[in-house]
Amino acid sequence: MATETPLLTEDAVRSALSRVNDPEIHRPITDLGMVKSIDIAADGTVSVGVYLTVQGCPMRDTITSGVRDAVGALPGVREVRVQLDVMSDEQRKELATALRGGQAEREVPFAKPGSLTRVYAVASGKGGVGKSSVTVNLAAALAADGLKVGVVDADIYGHSVPRMLGTDATPTQVENMIMPPSAHGVKVISIGMFTPGNTPVVWRGPMLHRALQQFLADVYWGDLDVLLLDLPPGTGDIAISVAQLVPNAEILVVTTPQQAAAEVAERAGSIAVQTHQKIVGVVENMSGLPCPHCGDMVDVFGTGGGQRVAEGLTRATGAEVPVLGTIPIDVRLREGGDAGEPVVLSDPDSPAGASLRQVAAALGGRRRGLAGLSLGLTPRAKF
């Protein structure tokens, strides 16, 4: 007597899929809203649509094989076809809220459509090109010009902004808000303010993201004109988190004239193509050393690196990327960083001080456009 094959139903397939876990979240894909569709053909072919959380998910092959194995084990299944799709922004927000137990995410004020704060993410390809020195001096110069300025030391592993601004103050917590200390008229927050001594920070990607999120959402910045983010070198977790948390942030690329540094800096700036951010310009640091005897410029690190980066990024983005300034090698710039006295304040007419103030003037003179802003206009009805 022949044994009848059990009827293959959508409920049976969904039950099988409930045993497939997302390899990163470690929850069933059915609980995470990742099952897009289930289609069962008369010949036993089962087509399963699956939402990936992000485009280019590194675990897509693992999820695909897990779905095929789970559904393929059901009686009556002849073939399993997996069709991958990507969650929309709204679906990702719903997933994040569900993972937080229904608690809404705290908002980053600078990411709101009505924000008038200019956000500049200061980036570099390599370490040691003077990115933090540029950030601190631009902040101090902008504040000296009467703007309300904040700095986020987003270089979690290599934090140095508090020293360069000359502050060892610790933030004050008021209820759920963190009040940032100020130095030279600049509000500043850094992980170094929360770690004892010179203790290293040993964190992985998710903790870096959470720290940056707290710096942006939990710190009371007030009404800023400009917020500068001192990013770590390269295109790692923090650069990606900035694009997610503050998508309107504009990238300022710092490089040296050296060709090797310029090539890496161009690579770091090109992340804007993928994150759809604007590159505001390039700053060439250590552009030359004025001879103390004759005054001629000695090209210690070569020439033209900043211009090469600007031209490469212009080609990559399709938008004009200018060189905003070239900063000469100046011992007073280094001394100011060690002493906590930015050279734009201690010696504003020095070659480095004057060049940095020129870049600050270019950035400070820019204002947010009306793109993305709610104008509060209501059309009148015609009768």
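Contact, throughout this tour, means heavy atoms within 4.5 Å. The structure in the viewer is a predicted model, in which local features need pLDDT of at least 70 and side-chain atom pairs count only at pLDDT 80 or more, whereas totals for chains, interfaces and linings use all residues. Residues are numbered from 1 along each chain as its sequence is written, and side-chain values use heavy atoms, with hydrogens and water left out. Helices (H or I, at least four residues) and strands (E, at least two) are DSSP runs, numbered from the N terminus.

**Stop 1: the sheet β1-β2-β3**

Select β1, β2 and β3, which form an open sheet in that order with mixed pairing; two strands pair if DSSP finds at least two bridges between them. The edge strands are β1 (35-40) and β3 (79-86), each of which pairs on one side only. On average, neighbouring strands here are turned by 15 degrees against each other, direction ignored. Strand β2 (residues 45-52) runs antiparallel to β1, and five bridges join the two; to see one such position, pick S37, whose bridge partner in β2 is G49.

**Stop 2: helices α1 and α2**

Now add helix α1 (residues 10-17), which lies across β1 and β2 and runs at about 135 degrees to β1. Axes are lines fitted to C-alpha atoms, for helices over the stretch in contact, and angles run from 0 to 180 degrees between N-to-C directions. Helix α2 (residues 60-72) also packs on the sheet, where it touches β2 and β3, and its direction makes about 145 degrees with that of β3.

With both helices shown, look at how they meet: α1 and α2 pack at an angle of about 130 degrees, and their axes are 8 Å apart. That makes α1 oblique to α2, given that angles under 35 degrees count as roughly parallel, over 145 as roughly antiparallel, 65 to 115 as roughly perpendicular and the rest as oblique. The crossing is right-handed, a term used if the near helix is turned clockwise from the far one by less than a right angle, with left-handed for anticlockwise. To display the contact itself, select V13, A16 and L17 of α1 together with V67, A70 and V71 of α2.

**Stop 3: strand β4 and its neighbours**

Move next to strand β4 (residues 118-123), of whose six residues six are buried, so the strand is largely enclosed by the rest of the structure. Buried means under 20% relative accessible area, exposed over 50%, and partly exposed in between (1.4 Å probe, protein chains only). In a regular strand the side chains alternate between the two faces of the sheet. In β4, R118, Y120 and V122 point one way, while V119, A121 and A123 point the other way, and all are buried.

Which strands pair with β4? Strand β10 (residues 226-230) pairs with β4 in the parallel sense over five bridges, and R118 stands opposite V226 there. Strand β11 also pairs with β4 in the parallel sense, over four bridges, with V122 opposite L252 and A123 opposite V253.

**Stop 4: strands β11 and β12**

Shift the selection to β11, which is mostly covered, six of its six residues being buried. From this strand E250, L252 and V254 point one way and I251, V253 and T255 the other. The pairing of β11 with β12 is again parallel, over five bridges, and T255 stands opposite E284 of β12.

**Stop 5: helix α8**

Helix α8 spans residues 259-269, and its buried residues are A261, A262, V264, A265, A268 and G269. Seen down the axis of α8, they fall within an arc of 165 degrees, so they line one face of the helix; the arc is that of the directions from the helix axis to the C-beta atoms. What covers them includes β11 (250-255), α9 (271-275), β12 (279-285) and α10 (305-317).

On the same helix, select E263, which is partly exposed, with a relative accessible area of 45%. E263 and V309 are 46 residues apart in sequence, and the C-alpha to C-alpha distance between them is 7.1 Å.

**Stop 6: two loop residues**

Finish with H276, in the loop between α9 and β12, which has a positive phi of about 60 degrees although it is not a glycine. Is H276 buried or exposed? H276 is exposed, with a relative accessible area of 69%. M286, in the loop between β12 and β13 (289-290), is not a glycine either, and its phi is positive at about 55 degrees.
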